[in-house]
Amino acid sequence: MSDGTRESWLARDRAALGLPGKLSFHPMVALGGEGSWLIEPGVRRVLDFSAGWGAASLGYAHPAVVDAVERGVRTMAGVGSLSLVSPPAVELAEALLDTRTDGIDRRVWFGHSGTDAADMALRLVTSGSRKGVISFKGSYHGGFGGGMAISGHAALSGAGSHADLVQLDYPRDASAAGAVLKELDRALAGDSVAALFFEPILSDGGLIVPPDGFLAGVAERCRRHGTLLVADEVKVGLGRTGKLYAHQWDGVRPDLIVLGKGLGGGLPISAVIAPAALMEALPSGAMLTTQGNPVTASAALAVVTTIRSDESIRRIERVGALLRRGLQEVTARSPLVREVRGRGLVLGIELGSSSTCSSADHARMVCYRAWELGLLFYYVGGENKVLELTPPLVLSEAEAERGVSLIGEALADVAAGRVDTAAAAAWSGW
């Protein structure tokens, strides 16, 4: 697989895979990976500040994940937990249940992606008489099925919505939060809403961090009306913000938690943690032949165990703080940047307006130029103008400093008109 040029792999990719399901921000061809780095043809090493949209939570070829996968493949205890007891799935479920401290009896359901987990969560919460659902504009809960139906991301417009869906604005500041909470009061009146889905940080919607107290206010209102609270932690959960779960920053205790992406350390697995009474009352199960697959479950257990260690949390806090300070310093000199925001190792750089070029065009060119320089990340947001940084949680301080330097260089090159706009325009991402 190491043979071939970038151009030959790009041609083969187009001929064999085509466009459906593709988001192409640059002509990146990954032949391998190690730690926080991806390896391209010609043995070029690219520092990965995306970690596959956060899925490669421990980077590439992490020893704990490699060992777990090797053991899982050698023993291969069946193919999943659908119709037999699979110890790796049991142990992973126990580890996830051990992360909850509110005393509620819960169970775990396993899937293959955040999308199917969101779909399962939606089925669970609407299995009773209540069918209404509240989510937020700009939210991304999945690329098909029920998760897509309750999403509010611009890329999914026209895909069709859940029949009883209400969507609210996601606030950036305290003033906006107050207005949203008033809208929530009106939406909850009548007690017909089954659940409210939220991302603790609105990720693909633009890396928006809600003001302190907002999510606590949402939780209090949901409890008062008997509406279930569903935390979508697919991208920002499992240590990425410096706490095990991002909703913990506001002291929130959701009824259900949806996990995916980083749970498998790059392998396909997702989970829903839900009250036992709700899980066991579902009239028909969501049956997947390889749910709780022993290999992916073993990898996920290694990920959860590694991330839960005090050493890992301290690392995320330390490197995340260093990365944010560096970004604030380097972007303060850029006329293109409006704001740096985020928590831990999930950060967004919002670009501002320009009289000569749109912020979305700037985002595309910065992303492309950074790849040319040896740094990989993507951009998000309803207006496609927020550079999203979700590097592996094993990112070192030296790697963080290297990434900051390359981002500063890419911003400067775009501002000075030193980027091949035609080449960048061929890779439009969203």
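Biologist: What makes it right to say that both faces of strand 15 (residues 386-389) are covered?

Modeller: Val386 and Glu388 on one side, and Leu387 and Leu389 on the other, are all buried, where buried means under 20% relative accessible area, against over 50% for exposed and partly exposed in between (1.4 Å probe, protein chains only). The model is predicted, with local features needing pLDDT of at least 70 and side-chain atom pairs pLDDT 80 or more, although totals for chains, interfaces and linings use all residues. Residues are numbered from 1 along each chain as its sequence is written, and side-chain values use heavy atoms, with hydrogens and water left out.

Biologist: How do you know that strand 12 (residues 346-351) and strand 15 pair?

Modeller: Two strands, which are DSSP runs of E with at least two residues, numbered from the N terminus, pair if DSSP finds at least two bridges between them. Strands 12 and 15 are joined by four bridges and run antiparallel, so they satisfy that rule. Within this pair, leucine 347 has leucine 389 as its bridge partner.

Biologist: How do you know that strand 14 (residues 378-380) also pairs with strand 15?

Modeller: Three bridges link strands 14 and 15 in the antiparallel sense, and tyrosine 378 has glutamate 388 as its bridge partner. Their hairpin has five residues between the strands, and glycine 381 there takes a positive phi near 105°.

Biologist: Why are strand 1 (32-34) and strand 13 (375-376) called edge strands?

Modeller: They belong to an open sheet of four strands in the order 1-2-3-13, with mixed pairing, and strands 1 and 13 each pair on one side only. Strand 13 pairs with strand 3 (residues 44-48) in the parallel sense over two bridges, and leucine 47 stands opposite leucine 375.

Biologist: What makes Leu96 and Phe377 stand out in the largest nonpolar core?

Modeller: A nonpolar core is a set of buried Ala, Val, Leu, Ile, Met, Phe, Trp, Tyr and Cys residues joined through side-chain atoms within 4.5 Å. Of the 86 residues in the largest one, Leu96 and Phe377 touch the most other members. Helix 11 (residues 359-373), a helix being a DSSP run of H or I with at least four residues, gives the most to this core, with eight residues. A second, separate core has 23 residues, including Leu202 and Val218.

Biologist: Which residues is leucine 96 in contact with, leaving aside its neighbours within four places in sequence?

Modeller: Leucine 96 has contacts, meaning heavy atoms within 4.5 Å, with residues including Val108, Phe110, Tyr245, Leu259 and Val304.

Biologist: Why is a space called a cavity, and not a pocket?

Modeller: On a 1 Å grid over the protein atoms alone, a cavity is a set of points where a 1.4 Å probe fits but cannot get out, whereas a pocket is an open set with protein on both sides within 12 Å along at least five of seven lines. Two cavities of 30 Å³ or more are present, and the largest holds about 70 Å³. Its 13 lining residues, which have an atom within 4 Å of a point, include Gly54 and Lys235, among those nearest its centre.

Biologist: How many residues line the second largest pocket, and which lie nearest its centre?

Modeller: This pocket has 18 lining residues, and Ser81, Val108, Trp109, Phe110 and Gln291 lie nearest its centre. Its space is about 330 Å³, and helix 3 (87-97) and strand 4 (106-111) each supply at least two residues of the lining.

Definitions and conventions:
Grid points are joined across faces, edges and corners, and a volume is the space filled by probe spheres set on the points.
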